[in-house]
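Work through the exercises below with the sequence and the model at hand. Each task is followed by a solution in steps.

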Amino acid sequence: MSANREHFSSRLGFILAAAGSAVGIGNLVGFPVSATKNGGGAFLLVYALFVAFICLPVMMAEMAMGRKAQQDPYGAYKTLSGNDKKWSFAGMLAVLTPFMIAVFYMVITVWIFGYLAQTAMGNLDALADPNHFGQFINQSSVFWYMLLVGGIVNLILVGGVKQGIEKAAKFLMPALFVLLIGLVAYVLTLDNAMAGVRYYVIPDFSKMNASVLNGALSQAFFSLSLGMGILMTYASYISKKEDIVGGAKMVAVTDSLVAFIAGLMVLPAIFSFNPATNPDELSESSVSMIFVYLPKILLAIQSDIGYTGASIVAFVFFLLVFFAAITSLVSIIEVPTAALIEEKKVSRKTALMILAGSTGALTVLCTMSFGMVDWLTQFMSYGGAPKSLFDLVYDVFYDTILPLNGLMVCLFVIYRWKKIKLSDELSQGCDGYKGSFTEKYVNFSLSTFIPVILLIIFVNTVATKFFAVSLFGF
Ligand code: PHE
């Protein structure tokens, strides 16, 4: 199978695609805001340590599994376990999780696209109205935007690995950097910009507690696209000659750098709008920041450069977020696509049609769960609160299953596939790997504290989310 499997044309293509997956909505707004609220430089430091010492080994393990098996995640668990039925559950979850996360991510990407379209039409003033978002998400126009976003994603995926995913990443990622740097350069010229930078980088260690640490780790895990089968799938499209250890490091650095630089765009903007902003009062939620708070700030720029100028800045901002979201969506839908192609032996076109129908239907239902349809809006009640269908998908797959998938990757590579095979795979294309500090650290951490930490996070999340009890006090 691997002989005719399509591969990325180069390591750069792989890195850009994987970084495209990692750089998403969370990097651009969620990260800077939670860093500022949770200790500024202290949070940045802790986050960097988590990326380097907890996330990177998991990332390498996922990539090693994918490249060794040259298969989708379900097939990878099956093949590498020697058809051991016990592991087929892990394989199934590694395909179901991205399928479900794609649904919730699609809902948000459609809103971003809607805001992008509206700024292009000159409606920034309407977006800045605090009631607008609530109305917008319940308008039928969202379904048109959904068709367009779904069309773009499918157009990229139907091209396959080289002509679709890699080509899109090679265009979108450099464009994203240019837009980001351009916005940072502009925002730093605004009055009081430096006050925002100070809040962002000056460390305040008094804010550190178990819950902040848990938040930082979850954020890093999600931001690097771990636990979603994505890196396994993308790594199955690279050849044995390529260095995946170096590749993983590049992806982690790029992702963290973009998140850091995004802070130099968001915080100065917030503080120039209101120099007396109290960071504690900023919303931690990316959704309310992007769709409610930032449009107000973007409109206020008109006092500096006029309404058209402000609209252009807003357009560039939403375009940037949209590019980041599209490359992430593509990567996440590629996982079930690859699984259908390989496990069900259907063509790429058929796989994409099946997924467009199934994720499309679920996305429509989730979109209608913000008030359009009552039973979807009050879908369930758990953890002491009523929950919509969208909340349920988010709570179960994003919050709960991701660390569980990470845990299974650790247990699988160490105890089933075995360290020696992991090392063999990682050393292919990376000559000095065997015997290096990295090798020792990866093997040690994956077999000891990383699975323990992921298990604690998983158990604690289940307890707090679904039973409203906090087991470990965070
Ligand atoms: N890393 C992405 C982000 O920060 C997470 C993600 C990847 C989400 C792929 C969905 C799909 O937004």
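## Exercise 1: A long-range pair

Lys240 and Glu425 form a salt bridge, with 3.2 Å between the closest N and O atoms. The pair links distant parts of the chain: Lys240 is in the loop between helix 12 (230–235) and helix 13, Glu425 is in helix 18 (residues 389–427), and 185 residues separate them. The model is a predicted one, in which local features need pLDDT of at least 70 and side-chain atom pairs count only at pLDDT 80 or more, while totals for chains, interfaces and linings use all residues. Residues are numbered from 1 along each chain as its sequence is written, and side-chain values use heavy atoms, with hydrogens and water left out.

Task: state whether Lys240 and Glu425 are buried, partly exposed or exposed.

Solution.
- Step 1. Take the terms: a salt bridge is a side-chain nitrogen of Lys or Arg within 4 Å of a carboxyl oxygen of Asp or Glu. Helices (H or I, at least four residues) are DSSP runs, numbered from the N terminus.
- Step 2. Take the classes: buried means under 20% relative accessible area, exposed over 50%, and partly exposed in between (1.4 Å probe, protein chains only).
- Step 3. Lys240 has 32% relative accessibility and counts as partly exposed.
- Step 4. Glu425 has a relative accessible area of 2% and is buried.

## Exercise 2: Other salt bridges

Task: find how many salt bridges a search of the whole structure gives, and describe the pairs Lys170 with Glu166 and Arg348 with Glu334.

Solution.
- Step 1. The search of the whole structure gives 14 salt bridges.
- Step 2. As background, side chains of opposite charge can pair when their charged atoms come close.
- Step 3. In the pair of Lys170 and Glu166, the closest N and O atoms are 2.9 Å apart. Both residues belong to helix 9 (residues 160–187) and are four residues apart, about one turn of the helix.
- Step 4. Lys170 is partly exposed at 36% relative accessible area, whereas Glu166 is buried at 3%.
- Step 5. Arg348 and Glu334 meet through their side chains at 2.9 Å, N to O. Arg348 lies in helix 16 (residues 348–367) and Glu334 in helix 15 (residues 302–343), so this salt bridge ties together parts that are 14 residues apart in sequence.
- Step 6. Arg348 is buried with a relative accessible area of 17%, and Glu334 is buried with 0%.
- Step 7. A network of salt bridges links Lys387, Asp395, Asp399 and Lys465.

## Exercise 3: Helix 13

Task: compare the reach of helix 13 with its expected span, and explain why helix 13 is described as largely enclosed.

Solution.
- Step 1. Helix 13 covers residues 244–273, which is 30 residues.
- Step 2. The expected span of a helix is 1.5 Å times one less than its number of residues.
- Step 3. From first C-alpha to last, helix 13 reaches 44 Å, close to the 44 Å expected.
- Step 4. Of the 30 residues of helix 13, 22 are buried, so the helix is largely enclosed by the rest of the structure.
- Step 5. At the N-terminal end, Asp243 caps helix 13, with a side-chain oxygen 3.0 Å from the backbone nitrogen of Val245.

## Exercise 4: Asn27 and the ligand

Task: describe where Asn27 lies and what the side chain of Asn27 reaches.

Solution.
- Step 1. Asn27 lies in helix 2 (residues 25–37) and is buried at 2% relative accessibility.
- Step 2. A polar contact is a pair of N or O atoms within 3.5 Å; within protein, one must be able to donate a hydrogen and the other to accept it, and residues adjacent in sequence count only if both atoms are side-chain atoms.
- Step 3. The side chain of Asn27 reaches the backbone nitrogen of Gly24 at 3.0 Å, and a polar contact of 3.3 Å joins it to the side chain of Ser223.
- Step 4. An N or O atom in the side chain of Asn27 is 3.2 Å from an oxygen atom of the ligand.
- Step 5. Backbone polar atoms also approach ligand nitrogen atoms: one of Ser21 at 3.4 Å and one of Phe222 at 3.2 Å.

Conventions:
Helix = DSSP H or I, 4+ residues; strand = E, 2+ residues; numbered from the N terminus.
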